[in-house]
Amino acid sequence: MISQYSILKFVNNDISQESISLGLMVMSGQNFFYKISLEKIKLANKLNPGSKKLLDFSIKNLENYFNFNRNGLALFSPKNSEYHEYFSRLADYNNGILQFSKPASIKKEFDRESFKLYFEKFIGKVDAEMESIQAPSLFQNEIEQKLHLPLKEQIDVNYTLKQDSLPSLFFDFHFDGLGYNGAMYGLKSIDFNAKKNISAIKAEIAEFESVIDRLNKFAEKKDISGDHQYFLIVDPYIGHKPSFNELYGILKNADMPSFKLANSGEIVPIVMEIKKNKAKKFSSLLEADQ
């Protein structure tokens with residue numbers, strides 16, 4: 001895999017281009033990594049106290065963009081040419097005290113640990129009090145844009161079913177969507193490419209099946225007996241770990257008894273069906289039961 005990276009710089013002297021490397025950005029596959037060194041910021045402020053407010057303002061704007069402007073991040077695709085173009089624009093048009101190096105390519109797939117190593121190589125020691133910030137992946141943005149936003153007024157989205165909500169449920173479980181209307185509708189996404197532990201993914205799928213069983217029993221008591229629809233949303237695994245490939249292959253090729261498998265490109269028709277059937281928030285059913 002070819003990844004792209006750019007170094008964030010504080011330019012202390014615009015004429016001489018005297019600068020300090022403050023942080024690092026990396027686009028790798030569907031993941032985006034970003035981090036700024038607190039120690040380097042302190043050094044920049046010491047060298048040029050007059051620029052402190054402007055530097056703080058520039059960094060805050062940058063971080064607000066990466067953390068909250070999901071529409072911008074969602075424009076990316078796994079084509080490294082687009083990453084290169086994006087980093088090039090940053091390098092060309094940011095000419096203030098916070099600037100970006102021209103994008104560089106590296107034949108490597110990054111995760112949190114390798115990003116940390118390269119951060120220490122290019123920028124310096126990782127600050128103990130500051131964790132690496134990883135923006136939402138493309139997959140997560142697809143879920144947000146295609147599922148959460150269109151359905152948020154209709155069913156429960158980004159919803160955690162609490163352990164005491166259903167009989168014999170002894171753990172909390174997160175759904176991307178949960179609703180009902182003559183039938184149950186449940187949607188759960190798992191990002192296989194987010195570098196989770198394979199055991200954690202297997203446990204999450206097992207819990208999904210367990211919760212489905214409890215939801216079906218609850219629905220039966222409420223005389224909700226239609227064709228229940230449960231979906232596990234998983235995009236193809238693009239890495240090289242045999243355990244991930246094997247699990248994805250099982251999910252793709254096996255006829256799972258409790259749920260249907262879908263990918264992020266198949267969300268829209270599922271959402272349209274839920275809207276067509278006028279599904280309601282599952283939480284309203286629980287509230288009525290109290």
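These legends describe close-up views of a predicted model.

**Figure 1. Overview of the predicted chain.** The chain holds 10 helices and 12 strands. Of its 290 residues, 47% count as buried. The accessible surface comes to about 15000 Å². Carbon and sulfur atoms contribute 51% of that surface. Among contacts with a separation of 6 or more, 69% link residues 24 or more positions apart.

**Figure 2. Confidence along the chain.** The average pLDDT is 83. A score of at least 70 is reached by 83% of the residues. Over residues 68-80 the pLDDT is below 50. Beyond near neighbours in sequence, that stretch has 30 contacts in the model. Residues 129-133 also have pLDDT under 50. For residues 129-133, the model has 14 contacts beyond four places in sequence.

**Figure 3. Helix 6 and its kink.** Helix 6 covers residues 138-151. It has 14 residues, so at 1.5 Å a residue it should span 20 Å. Its end C-alpha atoms lie 19 Å apart, which agrees with that expectation. The helix nevertheless has a kink of about 35°. The kink is centred on glutamate 144. Glu144 is itself one of the buried residues of helix 6. The other buried residues are Leu138, Phe139, Asn141, Ile143, Leu147, His148 and Leu151.

**Figure 4. Strand 3, covered on both faces.** Strand 3 spans residues 31-36, and 6 of its 6 residues are buried. Asn31, Phe33 and Lys35 point one way from the strand. Phe32, Tyr34 and Ile36 point the other way. Lys35 and Asn31 are thus listed as buried along with Phe32, Phe33, Tyr34 and Ile36.

**Figure 5. The pairing of strands 2 and 3.** Strand 2 comprises residues 18-28. Strand 2 and strand 3 pair in the antiparallel sense. The pairing runs over 6 bridges. Glycine 23 stands opposite isoleucine 36 of strand 3. Isoleucine 36 is buried, on the face that also carries Phe32 and Tyr34.

**Figure 6. Strand 10, enclosed by the rest of the structure.** Strand 10 runs over residues 229-233. Because 5 of its 5 residues are buried, strand 10 is largely enclosed by the rest of the structure. Gln229, Phe231 and Ile233 lie on one side. Tyr230 and Leu232 lie on the other. Both faces are covered.

**Figure 7. The parallel partners of strand 10.** Strand 9 (residues 184-189) pairs with strand 10 in the parallel sense, over 5 bridges. In this pairing, tyrosine 185 stands opposite glutamine 229. Strand 11 (residues 260-262) also runs parallel to strand 10, joined by 3 bridges. Here the bridge partner of isoleucine 233 is alanine 262. Both Gln229 and Ile233 are buried, on one side of strand 10.

**Figure 8. Lysine 280 and its surroundings.** Lysine 280 lies in strand 12, which covers residues 280-281. Its relative accessibility is 40%, so lysine 280 counts as partly exposed. Lysine 280 and glutamine 154 are 126 residues apart in sequence. Their C-alpha atoms are 5.6 Å apart in space. Gln154 is also one of the contacts of lysine 280 beyond four places in sequence. The others are Ile155, Leu178, Gly179, Tyr180 and Asn181.

Definitions and conventions: Residues numbered from 1 in each chain as written. Predicted model: local features only at pLDDT ≥ 70, side-chain atom pairs only at ≥ 80, totals over all residues. Heavy atoms only, no water. Helix = DSSP H or I, 4+ residues; strand = E, 2+ residues; numbered from the N terminus. Buried < 20%, exposed > 50% of the residue type's maximum accessible area, 1.4 Å probe, protein only. Contact = heavy atoms within 4.5 Å. Areas by Shrake-Rupley, 256 points an atom, 1.4 Å probe, with all protein chains shown as cover. Expected span 1.5 Å × (residues − 1). Bend = angle between axes of the 7 residues up to and from the residue. pLDDT = per-residue confidence, 0-100. Pairing = 2+ DSSP bridges.
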